[in-house]
Amino acid sequence: MAQRFGGKFSPGDHRGDDTPARAGAPRNKFTDARPATAGARVNILFALPLFMAFRAFTSEPVVLAQWIGALVLLLFSAWLTREGLKAQDAYEARSIAKRPAIPRKIFGSVTMGLGLLVAGIAGHGLIDGVIFGALGAALHLFAFGPDPMRDKGAEGIDAFQTERVARVIDEAEEHLRVMTTAIERVGDRAVTRRVADFQATARAMFRSVEDDPRDLTATRKFLGVYLLGARDATLKFADLYTRQRDAQDRDNYLALLDDLDGNFAAKTDKLMSNNRTDMDIEIKVLRDRLAREGVVGTGNEG
């Protein structure tokens with residue numbers, strides 16, 4: 001079946017049909033995007049150990065078990081490293097974040113060393129295995145670095161408020177993750193793109209709250225109730241639409257996303273406007289105080 005393609009200047013960009021796109025410039029989902037660090041380097045870690053499978057099945061039973069053990073350890077190391085890099089990307093993308101609960105990259109380095117130790121014993125002996133293991137663990141840690149080891153918070157904000165914001169944003173991100181997983185089952189690229197647009201709008205609110213945790217109270221309903229409702233609606237839509245592709249269900253779901261997107265965008269714009277007003281007031285108060293102290297003029301000279 002033919003697939004409609006379009007951009008921000010195409011009619012029906014979000015819906016994939018002839019329905020006009022939502023008024024206003026959509027938020028670019030790539031605005032805050034960063035290049036993924038879990039790329040070719042990690043893929044190589046998955047590929048290189050596979051030669052051990054050939055060595056294993058040409059060896060006697062004891063050595064065969066050693067090669068298989070080394071293969072499993074090295075593949076597990078690659079998986080830990082990839083997940084650690086993903087966790088670090090998520091950590092670095094946020095202004096307020098808790099450190100990863102499990103230091104996956106460090107564990108990946110240790111597992112890499114153990115895998116090379118076993119491989120060295122199988123192929124050469126204990127001493128060579130120890131050397132291979134130590135070098136492998138050190139080089140892995142040097143290449144990929146350690147995991148973030150401290151929570152990241154906004155300056156001037158107490159630890160309790162930072163923890164509170166991080167916890168709420170973590171829960172909100174989990175709602176978005178569930179939405180992404182559910183909508184991928186639908187297999188409709190226009191709907192998937194529309195969900196991604198809404199998620200970009202929601203994440204703009206996340207960043208606003210992280211930049212000024214005082215906004216958390218004003219956005220608690222959006223980050224909790226509304227996102228939970230969006231997640232549940234996405235799950236129900238995915239279940240219905242995969243069983244019976246009813247165009248009305250699709251239109252209703254897209255209409256819901258339009259409403260949510262508009263509300264999230266309007267709230268985020270209001271937050272930013274209020275923050276800008278607060279900053280202008282603080283600047284004016286500071287200038288007036290400095291003027292009274294004779295440090296600067298009244299500010300009318302430009």
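A salt bridge is a side-chain nitrogen of Lys or Arg within 4 Å of a carboxyl oxygen of Asp or Glu. The side chains of arginine 177 and glutamate 174 meet this rule, with N and O 2.6 Å apart. The model is predicted. By the salt-bridge rule the count comes to nine, and there are seven aromatic pairs. The points below take up some of these contacts, and then helix α7.

**Salt bridge within helix α6**

- Arginine 177 and glutamate 174 are both part of helix α6, where three residues, or about one turn of the helix, separate them.
- An α-helix has 3.6 residues a turn, so residues three or four places apart point the same way.
- Arginine 177 has a relative accessibility of 45% and therefore counts as partly exposed.
- Glutamate 174, at 36% relative accessibility, also counts as partly exposed.

**Salt bridges between distant parts of the chain**

- A salt bridge joins arginine 203 to glutamate 173, and their closest N and O atoms are 3.0 Å apart.
- This pair links distant parts of the chain, since arginine 203 is in helix α7 (residues 189-211) and glutamate 173 is in helix α6 (residues 159-184), 30 residues apart.
- Arginine 203 is partly exposed, with a relative accessibility of 29%.
- Glutamate 173 has a relative accessibility of 19%; the cut-off for buried is under 20%, so glutamate 173 counts as buried.
- Another salt bridge is formed by the side chains of arginine 250 and aspartate 188, at 2.9 Å from N to O.
- Arginine 250 belongs to helix α9 and aspartate 188 to the loop between α6 and α7, so their salt bridge ties together parts that are 62 residues apart in sequence.
- Arginine 250 and aspartate 188 are both buried.

**Salt-bridge network**

- Salt bridges also link Arg82, Glu83 and Lys86 in a network.

**Aromatic pairs**

- One of the seven aromatic pairs is made by phenylalanine 76 and tryptophan 79, whose ring centres are 6.0 Å apart.
- Their planes are at 10 degrees, and planes under 30 degrees apart count as stacked, so phenylalanine 76 and tryptophan 79 are a stacked pair.
- Phenylalanine 76 and tryptophan 79 lie three residues apart in helix α3 (residues 61-92), so about one helical turn separates them.
- Phenylalanine 76 counts as partly exposed at 42% relative accessibility, and tryptophan 79 counts as partly exposed at 38%.
- Phenylalanine 222 and phenylalanine 264 form an edge-to-face pair, with 5.2 Å from centre to centre and 90 degrees between the planes.
- This edge-to-face pair links distant parts of the chain, with phenylalanine 222 in helix α8 (residues 216-243) and phenylalanine 264 in helix α9 (residues 247-292), 42 residues apart.
- Both phenylalanine 222 and phenylalanine 264 are buried.
- Phe222 and Phe264 also belong to a cluster that ring pairs form with Phe198 and Tyr226.

**Helix α7**

- The 23 residues of α7 should span 33 Å at 1.5 Å a residue, which agrees with the 33 Å between its end C-alpha atoms.
- Of the 23 residues of α7, 18 are buried, so this helix is largely enclosed by the rest of the structure.
- At the start of α7, a side-chain oxygen of aspartate 188 comes to within 3.0 Å of the backbone nitrogen of alanine 190.
- Aspartate 188 thus appears in two contacts: the one at the start of α7 and the salt bridge with arginine 250.

Note on methods. Residues are numbered from 1 along each chain as its sequence is written. This is a predicted model: local features need pLDDT of at least 70, side-chain atom pairs count only at pLDDT 80 or more; totals for chains, interfaces and linings use all residues. Side-chain values use heavy atoms; hydrogens and water are left out. Rings of Phe, Tyr and Trp (its six-membered ring) pair if their centres lie within 6.5 Å; planes under 30 degrees apart count as stacked, over 60 as edge-to-face and the rest as tilted. Helices (H or I, at least four residues) and strands (E, at least two) are DSSP runs, numbered from the N terminus. Buried means under 20% relative accessible area, exposed over 50%, partly exposed in between (1.4 Å probe, protein chains only). The expected span of a helix is 1.5 Å times one less than its number of residues. A polar contact is a pair of N or O atoms within 3.5 Å; within protein, one must be able to donate a hydrogen and the other to accept it, and residues adjacent in sequence count only if both atoms are side-chain atoms.
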